[in-house]
Each structure stands twice: as C-alpha cells, then as structure tokens.
Amino acid sequence: MHKEKQNISGVIRFFRGSQLLGLSKHDGTDTISELSKLCDVEIPTNCTSGTCGTCMVTLNSGIVDLPDELPPGLDFDLVENMARLSCIGIPSGDVDIEVRPPL
C-alpha cells in the first residue's frame with residue numbers, strides 16, 4: 001500500500017560531513033543513487049535491489065520512505081540511526097544525505 005505524498009518534488013543535497021558534494025532537483029521518481037550520478041557524487045552500489053547494503057547512506061533531514069518489509073541490507077537498528085539504501089530509496093521533498101565512506 002502506497003502512502004499519498006503531498007510534496008514529492010524538491011532538492012536533494014549530498015554531504016560528507018559539512019562539505020556539500022552536490023545537489024540536484026528531483027521529482028520524487030528517481031532513487032538516491034540515480035540522483036547522485038546526476039551531480040557527480042559517487043555512491044558505491046552492487047546489487048541495486050536493497051540486498052547487500054553497499055549503497056547505505058545516512059538521512060540527515062527530509063523524508064525517504066522505507067518499504068513495508070525491510071530489505072536484507074537494512075535492519076531496525078540501522079533504520080533508527082537514519083540509514084537508508086540509496087539504490088531503492090526515493091526522496092520526497094527536500095532531503096539532505098550524508099554519503100558514507102566506502103566500506
């Protein structure tokens with residue numbers, strides 16, 4: 001069941017610490033990984049289905065809805081610490097993302 005979103009379009013900004021790596025407008029249809037490529041921000045990916053966790057980022061602010069059932073690449077502890085998987089996460093409205101260093 002999909003929740004109706006009031007404002008899906010916005011701006012996504014990518015950070016590493018206080019450094020702004022890039023930003024892009026979005027319409028709420030592309031994943032975080034797809035949007036990062038538009039502004040030349042590298043987020044490692046592997047499976048692109050939420051299984052491996054390679055593309056994990058931290059949601060600093062904004063909304064990136066989670067699927068009804070958490071994929072294998074996430075668990076509740078990670079989610080409580082604002083982890084999201086960029087390969088399946090779709091931002092809604094204005095969103096700030098912390099890009100984690102590669103594992």
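Visitor: What does "buried" mean for a residue here?

Guide: Buried means a relative accessible area under 20%. This is a predicted model, and buried residues make up 41% of the 103 residues in the protein.

Visitor: And how much surface does the protein expose?

Guide: About 6,400 Å², with carbon and sulfur atoms supplying 50% of it.

Visitor: How do I read the radius of gyration?

Guide: Set it beside the value for a compact globule. With 103 residues, such a globule would come out near 13 Å; the protein has 12 Å, which agrees. Along the principal axes, the C-alpha atoms fill a box of roughly 35 × 30 × 20 Å.

Visitor: Which elements would I meet, going from the N terminus on?

Guide: The order is β-β-α-β-α-β-β, so to speak a walk through 2 helices and 5 strands.

Visitor: Where do the side chains of a strand go?

Guide: In a regular strand they alternate between the two faces of the sheet. Now try strand E1, residues 10–16. E1 runs antiparallel to strand E2 (residues 19–26), and 7 bridges join them. One pair to look for is Ile12 with its bridge partner Ser24 in E2.

Visitor: What sits between E1 and E2?

Guide: The two strands form a hairpin with 2 residues between them, and Gly17 in the turn has a positive phi of about 65 degrees.

Visitor: Does E1 run parallel or antiparallel to strand E5?

Guide: Parallel: 4 bridges join E1 to E5, residues 91–99. Find Phe15, and you'll see Glu98 of E5 standing opposite.

Technical notes: Residues numbered from 1 in each chain as written. Predicted model: local features only at pLDDT ≥ 70, side-chain atom pairs only at ≥ 80, totals over all residues. Heavy atoms only, no water. Rg over C-alpha atoms; globule rule 2.2 N^0.38 Å. Buried < 20%, exposed > 50% of the residue type's maximum accessible area, 1.4 Å probe, protein only. Areas by Shrake-Rupley, 256 points an atom, 1.4 Å probe, with all protein chains shown as cover. Pairing = 2+ DSSP bridges.
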